[in-house]
Amino acid sequence: MGNIVANRRAFPEDHGTHQVKVTGIKNLGSTCYMNTLIQSLFVTPVFRIKINECLNVDESIASDLQDIFIRLEQGVHSVEPYRLARSLDQMHWAVNRQQDIEEFFHMVINAIDDKEIRKVYEMGIVNSLSCTGCKHEMIKETANLDISLTLKASPNEYFKHLEEALRHFVKNETMQGDDKPFCGSCKTKQVMIRKASFSTLPPVLVIHLNRFTHDSWKHENMKLEQPLLIPEALTFKRCGSEAGIAQHASHTSCRTVWKCIVVYTLSQQDCVEVHCGLHSLSEQDCVHYELFSISVHAGNLDCGHYYAFIKHHEDRQWYICDDTSIRKTHWNYIQEKLRMNDLRWLDAHSVTGRSQSYSRDHRWSQSWSHRQVMTSGRSSAILLMYEVMQ
């Protein structure tokens, strides 16, 4: 990556003075994915605390990040991450080759191999299969470092809001026909209901937008360019407990289920709260998240470039971090750059309502088909980071 150079004139300049030091990172040759993730980790206070607490980590990824963070804090010159690149090369990671930033995020956290570091991002996700015949329920709980969301509502429809993609993630799905799973109780394939829920939530919530996919009709890999409305805040509400019989347990166990309430703050005048059909909210049962990092991919599968929009925790200011280029920016510009304003225009003109996918509007479908051709290779959000609001 790194073959597409961002137009610096598009970055809003700021001629004022500020105390916060935001330092660029040198691209070592297609390492924009690495630089983008480093900047996002650096502005994550809880991660920086945990990585600095790692002891006896000489010649390791943790040590390399400690070294980079020290130089980023000094903020004098652009940082050259040679040590980290060498460590990755020794781990047989193709440093100077186009890489997926989500895979790199997983690799870094797994390579650090520290329980406290994992706790920063790890969430509990409960997946269950319920047989419609014998009512037997199979439950599996996993610890995930992020939520990977599909952008497709159906083969011909795309989600417009992040809230829609989150709802789809926990939506009950009927598995029937050729998709029917085997029921251990019935000893045959049965129609089953599959559902997912969150049992625990992390201090830092990472959401991956799955833009790189395989088109089974065209038999080729592709990047989904569709924009998505991204809220500045997310709220999860505790919805009590659901009882289920785990495969490895002989007793009934209760698990807390969290539902997502998305708070849209697209502008100071536009704030919409989606309650997902829940009753009155209690603050002690809610976890509020605030967006602070957006990793962006520009280009296509063969020739692309990563950069980041980050909100610094000290001055609450948004910055564009594009390798060695650092600029102040603001939320309105981010919406425009990621084409969220196009979707806001649709909301103002669509007769289908906020809850409907934009591809259902015929006029918009025609317009969007034309825009897809004209905007190929535009910037697209791909990895979001939210931190718990104190």
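Which residues does F104 touch, not counting residues up to four places away in sequence? I started my notes with that. I am working from a predicted model.

**Entry 1: F104**

I looked up the contacts of F104 and found Y33, M34, L37, L88 and W93, with residues up to four places away in sequence left out. F104 lies in helix 5. I then checked its accessibility: F104 has 1% relative accessibility, and because buried means under 20%, F104 counts as buried. I also took one distance. F104 and W93 are eleven residues apart along the chain, and their C-alpha atoms are separated by 9.3 Å.

**Entry 2: the whole protein**

I stepped back to get the overall count. I noted ten helices and 20 strands in the protein. The protein has 390 residues, and 49% of them count as buried. I also looked at how far along the chain the contacts reach. Among contacts with a separation of 6 or more, 67% come from residues 24 or more positions apart.

**Entry 3: helix 1**

Three of the residues that F104 touches, Y33, M34 and L37, are listed among the buried residues of helix 1, so I went there next.

How many of the residues of helix 1 are buried? I found eleven of its eleven residues buried, and helix 1 is mostly covered. The list of buried residues includes C32, N35, Q39, S40 and F42.

I looked at C32 by itself. C32 is found in helix 1, which covers residues 32–42. C32 is buried, with a relative accessible area of 0%. C32 and I101 are 69 residues apart in sequence, and I read 9.4 Å between their C-alpha atoms.

**Entry 4: helix 1 against helix 5**

I wanted the geometry of this pair. Two packed helices are described by the angle between their axes and the distance between the axes. Helix 1 packs with helix 5 (residues 101–112) at an angle of about 60 degrees, and the axes are 10 Å apart. That angle makes helix 1 oblique to helix 5. I noted a right-handed crossing where helix 1 passes helix 5.

Which residues make the contact? On helix 1 I listed Y33, M34, T36 and L37, and on helix 5 I listed I101, F104, F105 and V108. I sorted the residues of this contact into seven nonpolar, one polar and no charged.

**Entry 5: helix 1 against helix 3**

I then turned to helix 3 (residues 61–74). The axes of helix 1 and helix 3 come within 11 Å and cross at roughly 75 degrees. Helix 1 and helix 3 are therefore roughly perpendicular to each other. From helix 1, I38, L41 and F42 meet L65, I68, F69, L72 and E73 of helix 3. I sorted the residues of this contact into seven nonpolar, no polar and one charged.

**Entry 6: helix 3 against helix 4**

I followed helix 3 to helix 4 (residues 82–90). Their axes come within 9 Å and cross at roughly 165 degrees. This makes helix 3 roughly antiparallel to helix 4. Helix 3 passes helix 4 in a left-handed crossing. The contact is made by I61, S63, D64, L65, D67 and I68 of helix 3 with R83, L84, S87 and L88 of helix 4. I sorted these residues into five nonpolar, two polar and three charged. I had already met L88 on the list of residues that F104 touches.

**Entry 7: S380 and R339**

I moved on to strand 20 (residues 380–388), where S380 has its place. Is S380 buried or exposed? I found S380 buried, with a relative accessible area of 2%. Leaving out residues up to four places away in sequence, S380 touches R211, K223, E225, S295, V296, H297, L338 and R339. I singled out R339, whose side chain is joined to that of S380 by a polar contact of 3.5 Å.

R339 lies in the loop between helix 8 (331–337) and helix 9 (340–349). I found R339 buried as well, with a relative accessible area of 4%. Its phi is near 60 degrees, a positive value in a residue other than glycine.

**Entry 8: D323**

I noted a positive phi at D323 too, about 55 degrees, although D323 is not a glycine. D323 is found in the loop between strand 18 (318–322) and strand 19 (325–329). I checked its accessibility and found D323 buried, with a relative accessible area of 13%.

Conventions. Residues numbered from 1 in each chain as written. Predicted model: local features only at pLDDT ≥ 70, side-chain atom pairs only at ≥ 80, totals over all residues. Heavy atoms only, no water. Helix = DSSP H or I, 4+ residues; strand = E, 2+ residues; numbered from the N terminus. Buried < 20%, exposed > 50% of the residue type's maximum accessible area, 1.4 Å probe, protein only. Polar contact = N/O pair within 3.5 Å; in protein donor to acceptor, adjacent residues only side chain to side chain. Contact = heavy atoms within 4.5 Å. Axes fitted to C-alpha atoms, helices over the stretch in contact; angles between N-to-C directions. Parallel < 35°, antiparallel > 145°, perpendicular 65-115°, else oblique. Left-handed = near helix turned anticlockwise from the far one by under 90°. Nonpolar A, V, L, I, M, F, W, Y, C, P; charged D, E, K, R; others polar.
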